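Work through the two exercises below with the structure open. Each task is followed by a stepwise solution.

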Amino acid sequence: MQAMVLTAAREIEKQEVKVPDIGSDETLIKVTKSGICGTDLKIFQGGIPVNYPRILGHESVGEVVSGGNLAPGTPVIVDPAYYCGACYNCRDGQSHLCPNGGLIGRDVEGGFADFLAAPTRNIHALPDNLEPKIAPLIQPMTTCLHAQRKAKIFPGEAVLVYGLGVTGLLHVQLAKIHGAYPVIGVTRSKWKRELAEDLGADFTFAPSEHLKDSILDVTKEKGGVDLVIESVGQLSILAEAIELVRLGGRILPFGIYTQTKGELPFYNLYFKEIQVVNARVAKPEDYPASIDFVQRGVVDLKSLITHTFALEQLDKAIDMLDDGDSSCIKIILNHSD
């Protein structure tokens, strides 16, 4: 089969590789569409270490070929977080934190290839009428849903989403579903602010020295927002989140930080009695819920897709993300028929 292989940091090659063998507890998937994630970019850049060579890709959808308990041809999405099922975390309902597990496309071969082998329990059937192009976005959506379930958004709470890329725009929509008001989006990009408003944001602002005053204006007597979702992954913005959240509020550092050191206003973290809620990947139960949201049309995924490339153009697509192209939100890869 054809696969796009990361042979070293910033080096991707198209290679002919063996179709993966599957065990008795695995399913072979013919991959039809993939999404490129920020994690893929950070692996490509060398910020997240992997063993080379490695086939990246963990936002994978396709059709069942063989194995498992679904009929061949069934459209499916793959949960990339595999787990052992026997350790303390797995028995405690935290299979996504399994110390014996890992991530498809990072720790084992991923979906930027013609075929993908995955544990059968990680395979979720998709509705026949769901548009294939948007299906890969369900995977990042599950991570946002998992995070918001941990953060426990209540109706009427003020939520600020800092960073309006893929996950930021998903957080905006999910916060609205959970009844948050106002939902505030922050980004430098004017067109992304406009898109966020189209997707339900009540207010949007550009980062500036007056941002805190703007937040105070729309949160009235609260003195800040109840929850800041930091979707950029920069420590400087996490520090700003500490200033923007109200006394007794919560911060969700959703972006992935690859820095090993930095400065934060730790005294305010204590003085304001701020809860820091971390979330990693998603739980299996987040998939049926996310699929249901998309099937019922309460979440718009199509508006987040800005570019499509053939799988063989992965290097070109990931270079666009690496260059910080401001026109790009989500890139979908079309696999060969």
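**Exercise 1. Describe the second largest pocket: its volume, its lining and the elements that contribute to the lining.**

Solution.

Step 1. Start with volume. In this predicted model, the second largest pocket has a volume of about 380 Å³.

Step 2. List the lining. It takes 24 residues to line this pocket. Nearest the pocket's centre lie P20, V108, E109, L116 and A117.

Step 3. Assign elements. Two or more lining residues come from each of β4 (54-55) and β9 (115-119). β9 gives the most, with 4 residues.

Step 4. Sort the lining by class. The lining has 14 nonpolar residues, 7 charged ones and 3 polar ones.

**Exercise 2. Place R121: where is it found, is it buried, partly exposed or exposed, and which residues does it touch?**

Solution.

Step 1. Locate the residue. R121 sits in the loop between β9 and β10 (123-125).

Step 2. Judge its exposure. Buried means under 20% relative accessible area, and exposed means over 50%. R121 has 44% relative accessibility, so it counts as partly exposed.

Step 3. Find its contacts. Leaving out residues up to four places away in sequence, R121 touches Y83, C84 and G85.

Step 4. Look at the polar detail. The R121 side chain reaches the backbone oxygen of Y83 at 2.4 Å.

Step 5. Compare sequence and space. R121 and Q259 are 138 residues apart in sequence. Their C-alpha atoms are 34 Å apart in space.

How values were computed. Residues are numbered from 1 along each chain as its sequence is written. This is a predicted model: local features need pLDDT of at least 70, side-chain atom pairs count only at pLDDT 80 or more; totals for chains, interfaces and linings use all residues. Side-chain values use heavy atoms; hydrogens and water are left out. On a 1 Å grid over the protein atoms alone, a cavity is a set of points where a 1.4 Å probe fits but cannot get out, and a pocket is an open set with protein on both sides within 12 Å along at least five of seven lines; lining residues have an atom within 4 Å of a point. Grid points are joined across faces, edges and corners, and a volume is the space filled by probe spheres set on the points. Ala, Val, Leu, Ile, Met, Phe, Trp, Tyr, Cys and Pro count as nonpolar, Asp, Glu, Lys and Arg as charged, and the others, Gly among them, as polar. Buried means under 20% relative accessible area, exposed over 50%, partly exposed in between (1.4 Å probe, protein chains only). Contact means heavy atoms within 4.5 Å. A polar contact is a pair of N or O atoms within 3.5 Å; within protein, one must be able to donate a hydrogen and the other to accept it, and residues adjacent in sequence count only if both atoms are side-chain atoms.
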